[in-house]
Amino acid sequence: MDEQKRQMIALKEWAVSVKALREGKQILVLRKGGIIEETRDFQLLSHSFYLMPAYEHQRKELLKHPYQDGMDETLEEWSPGMERVKLDTYAEVTDDIEITDQETLDKLRDCHIWTDTFAEERLKWKRKKPLHLLLMKTYKLNEPVYAPMREVYNGCKSWVRLEDSLPEPAMKPVLTADTYAEERERIRTLIDL
């Protein structure tokens, strides 16, 4: 896929999770799909995309204690009826691993910012569908880009196709290639891959 098309899609994720990815505190997200997913379940539509911060459904009690203040920080950038959305993080998926059991999920406990309750809720929702563990190389944009907020971006869905052209941003990896490879291998080993 060429660079211009590759950048015209975004994965919606809790703003506090995007912050943790951008700061190198985790390299993963857990996805099952949004309530109004077009495909009825999560599908990886692109291996590279912007991370679009979502604010409305964040819940502090589903974050481990050290990360709860990070949620407050993200809410400082949000207001209902925002006219534009700030995009400052880009990601490339290296692994899309399906998880179907609690035992595997429990092995990831120390690899993310969420509580056990959050992880369990994600696994149990739409029980017949697997939970997708996405391992991602994350990039911090040198300067954020701002996309006009469109009505179509709202709602509980994973993916949005960005309707406005955006400047091609300069970016740098959050983790070095070696550090990312080590963390990726640690997670894969934890879940016996």
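# A chat about a predicted model

Analyst: Leaving aside its neighbours within four places in sequence, isoleucine 113 is in contact with Val16, Ser17, Ala20, Gln26, Leu63, Lys64 and Tyr67. Please keep in mind throughout that this is a predicted model.

User: Okay, and where is the place of isoleucine 113?

Analyst: Isoleucine 113 lies in a loop, the one between helix H4 (102-106) and helix H5 (116-124).

User: Is isoleucine 113 buried or exposed?

Analyst: Isoleucine 113 counts as buried, because its relative accessibility is 0%, and buried here means under 20%.

User: How many residues apart in sequence are isoleucine 113 and histidine 65, and what about in space?

Analyst: Along the sequence, isoleucine 113 and histidine 65 are 48 residues apart, while in space the separation is 8.7 Å, taken from C-alpha to C-alpha.

User: Let's step back, how many helices and strands does the protein have?

Analyst: There are 6 helices and 7 strands in the protein, and, read from the N terminus on, the elements follow the order α-β-α-β-β-α-β-α-α-β-β-β-α.

User: And what radius of gyration does the protein have?

Analyst: The radius of gyration is 16 Å, which agrees with the value near 16 Å that a compact globule of 193 residues would have. Along its principal axes, the C-alpha trace of the protein spans about 45 × 35 × 35 Å.

User: What share of the residues is buried?

Analyst: Of the 193 residues in the protein, 49% are buried. The accessible surface comes to about 10,200 Å², and 47% of that surface belongs to carbon and sulfur atoms.

User: What about contacts between residues at least 6 apart in sequence, how many of those join residues at least 24 apart?

Analyst: For the contacts in the protein between residues at least 6 apart in sequence, the share that joins residues at least 24 apart is 86%.

User: Switching to the strands, which strands pair with S5?

Analyst: Among the partners of strand S5 (residues 131-148) is S4, and these two pair in the antiparallel sense over 14 bridges. Strand S2 (residues 28-31) also pairs with S5 in the antiparallel sense, over 4 bridges, and strand S7 (residues 171-173) does so over 3 bridges.

User: Which residues stand opposite each other there?

Analyst: Between S4 and S5, lysine 86 has tyrosine 146 of S5 as its bridge partner, and valine 85 stands opposite alanine 147 in S5. From S2, arginine 31 is partnered by histidine 132 in S5, whereas on the S7 side tyrosine 139 stands opposite proline 173.

User: And lysine 137, where does that one sit?

Analyst: Lysine 137 is placed in strand S5, and it counts as partly exposed because its relative accessibility is 35%. Setting aside neighbours within four places in sequence, lysine 137 is in contact with Tyr90, Ala91, Glu92, Thr94 and Tyr180. The C-alpha atoms of lysine 137 and glutamine 26 are separated by 10.0 Å, although the two residues are 111 residues apart along the chain.

User: What about S3, how many of its residues are buried?

Analyst: In S3, 7 of its 7 residues are buried, and the strand is mostly covered.

User: Which strands is S3 joined to, and do they run parallel or antiparallel?

Analyst: S1 and S3 run parallel and are joined by 5 bridges, with leucine 11 having leucine 51 in S3 as its bridge partner. Strand S3 (residues 48-54) and strand S4 (residues 84-99), by contrast, run antiparallel and are joined by 3 bridges; here tyrosine 50 is partnered by tyrosine 90 in S4.

User: Now helix H2, why is it described as largely enclosed?

Analyst: Helix H2 (residues 15-22) has 8 of its 8 residues buried, so it is largely enclosed by the rest of the structure. The buried residues of H2 include Val16, Ser17 and Ala20, and these three are also among the contacts of isoleucine 113.

User: What do the buried residues of H2 pack against?

Analyst: They pack against strand S1 (9-14), S2, S3, helix H3 (68-75), S4 and S5.

User: And which residue with a positive phi follows H2?

Analyst: That residue is glycine 24, with a phi near 75°.

User: Last one, how far apart are the mean positions of the positive and negative charges?

Analyst: The mean positions of the 31 positive and 37 negative charges of the protein are 3 Å apart.

Methods:
Residues are numbered from 1 along each chain as its sequence is written. This is a predicted model: local features need pLDDT of at least 70, side-chain atom pairs count only at pLDDT 80 or more; totals for chains, interfaces and linings use all residues. Side-chain values use heavy atoms; hydrogens and water are left out. Two strands pair if DSSP finds at least two bridges between them. The radius of gyration is taken over C-alpha atoms; the globule rule is 2.2 Å times the number of residues to the power 0.38. Buried means under 20% relative accessible area, exposed over 50%, partly exposed in between (1.4 Å probe, protein chains only). Contact means heavy atoms within 4.5 Å. Accessible areas come from the Shrake-Rupley method with a 1.4 Å probe; for residues, only the protein chains shown count as cover. Lys and Arg count as positive and Asp and Glu as negative; His and the chain ends are not counted. The place of a charge is taken as NZ of Lys, CZ of Arg, CG of Asp or CD of Glu.
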